[in-house]
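Please look over the two ligand sites in the entry below. The notes after it cover shells, polar contacts and burial.

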Amino acid sequence: MARLLVTGGAGYIGAHTMVELLAAGHNVICLDNFSNSVPEAVARVQQIAGRAVTLAIGDVRDDALLRRLLAEHPIDAVIHFAALKAVGESVARPLDYYDNNVYGTLVLLRAMAAAGVKRIVFSSSATVYGAPEQLPLTEGAPVRTTNPYGASKAMVEQMLRDLCAADPEWSAVSLRYFNPIGAHASGRIGEDPRDTPNNLFPYVTQVAVGKRERLSIWGNDWPTPDGTGVRDYLHVVDLAAGHLRAVDYSAAHQGFMPINLGTGRGTSVLELVRAFESATGIAIPHSFAPRRPGDIAACWADPSLAARLLGWRAERSVEQACADGWRWQQHNPEGYRAGK
Ligand code: NAD
Ligand code: UFG
């Protein structure tokens with residue numbers, strides 16, 4: 001069993017991943033500054049797993065803290081989720097994104113190197129591909145970002161590639177997530193956006209619970225079968241399981257390896273709305289609005305490398321994700337902040 005440092009573990013994907021890591025017997029130290037999450041998420045992870053997490057409250061940019069943590073705990077590998085993630089905000093405040101996401105990772109990597117910890121699983125994103133020329137997207141597709149958030153992910157990938165080239169003892173698995181949705185089947189942890197959700201799925205669940213009146217669908221004139229945008233939505237618990245496989249893989253393989261995590265299937269906005277309606281029995285009022293600036297028509301993964309290298313495949317359907325995401329939203333209409 002490994003001892004893992006999980007940065008950003010209190011966030012949406014981190015919390016689901018910590019549950020899977022604990023269930024598999026790993027020991028988890030979570031470092032989070034709670035800039036986009038709350039301690040209650042960690043409390044619930046521990047309840048679900050029936051095991052404790054060691055919590056360190058702090059920032060990945062705090063060099064002294066990182067060095068202390070890595071000196072005090074014999075860490076085998078790091079899973080690095082901590083980052084800012086809103087595309088629009090990154091356009092408005094690019095330096096915050098380079099500071100948190102790029103500089104933060106640099107501080108982390110330096111502290112890891114100093115402690116002799118040379119295994120990292122990094123949260124990258126399908127956004128590094130920009131507007132795809134060919135679908136499905138393979139890892140060989142060009143990296144061409146279109147906003148500072150995406151650029152910050154591509155820059156970190158470059159740092160990891162260079163680091164692995166300089167020191168063959170390093171292992172860096174960069175997981176390029178497609179669109180994670182849904183929640184843990186318990187309904188106890190889930191996505192908890194601070195403000196109006198930018199992403200489709202949390203917006204849909206907030207309409208369902210009555211917090212928002214109707215969904216605006218950004219464009220019905222895309223070159224897709226029904227005119228609405230197509231994405232590769234994967235259940236967050238499947239995504240969490242992918243991290244478990246990546247940690248194991250990194251124990252046995254050195255070098256830099258970018259790996260897509262997606263289902264390989266595209267789902268349109270209208271199809272997702274219908275799947276939600278049929279999984280929950282709740283109608284989602286919606287209307288069409290102009291395209292959102294910066295959006296792309298369609299994006300889905302070729303997940304065959306993940307199957308080959310990690311033995312990982314997404315197992316849960318979009319309907320399952322809808323049912324699970326709704327359970328979370330219904331039982332926690334105000335997210336974690338209601339503090340139950
Ligand atoms: P999230 O905001 O829910 O989680 C990020 C966590 O990191 C939060 O708990 C936040 O408090 C913490 N954090 C942020 N900056 C920190 C810092 N400097 N020091 C310590 N903690 C810090 O986001 P998420 O959806 O769980 O995403 C996790 C990772 O996956 C991010 O790197 C994100 O860019 C990436 N990603 C997310 C998606 C998505 O759709 N959710 C898609 C692709 C990639
Ligand atoms: N959409 C709507 N109405 C909404 C929100 C979204 O119609 O209120 C549509 C979008 O136009 C798009 C689809 O729903 O066609 C999905 O949009 P999301 O914002 O949920 O997801 P994106 O694929 O646009 O972006 C997400 C993350 C990015 C990440 C990217 C690739 O927000 O950070 O996935 O991983 F880079």
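What follows describes the surroundings of each ligand in turn.

This is a predicted model: local features need pLDDT of at least 70, side-chain atom pairs count only at pLDDT 80 or more, and totals for chains, interfaces and linings use all residues. Side-chain values use heavy atoms, without hydrogens and water, residues are numbered from 1 along each chain as its sequence is written, and chains are lettered from A and ligands numbered from 1 in the order in which they are written.

**Ligand 1.** The shell holds 27 residues, with Asp-32, Asn-36, Ser-37, Phe-81 and Tyr-149 nearest (near: a heavy atom within 4 Å). Eleven are nonpolar, eleven polar and five charged. α1 (12–23), β5 (119–125) and α6 (148–166) each supply at least two shell residues. β5 gives the most, with three.

**Ligand 2.** Here 22 residues form the shell; Thr-127, Asn-199, Ser-216, Arg-231 and Asp-295 are the closest. The classes are eleven nonpolar, seven polar and four charged. Strand β8 (residues 215–218) gives the most, with four residues.

**Polar contacts.** The table lists pairs of N or O atoms within 3.5 Å.

| Ligand atom | Protein partner | Distance |
|---|---|---|
| ligand 1, oxygen | Ile-13, backbone | 2.8 Å |
| ligand 1, nitrogen | Asn-33, backbone | 3.2 Å |
| ligand 1, oxygen | Lys-153, side chain | 2.8 Å |
| ligand 2, oxygen | Ser-125, side chain | 3.2 Å |
| ligand 2, oxygen | Leu-200, backbone | 2.8 Å |
| ligand 2, oxygen | Arg-231, side chain | 2.6 Å |

Ligand 2 alone exposes 680 Å², and the protein buries 88% of that (Shrake-Rupley method, 1.4 Å probe). For ligand 1, the protein covers 95% of the 820 Å² accessible on its own.

Conventions:
Polar contact = N/O pair within 3.5 Å; in protein donor to acceptor, adjacent residues only side chain to side chain. Nonpolar A, V, L, I, M, F, W, Y, C, P; charged D, E, K, R; others polar.
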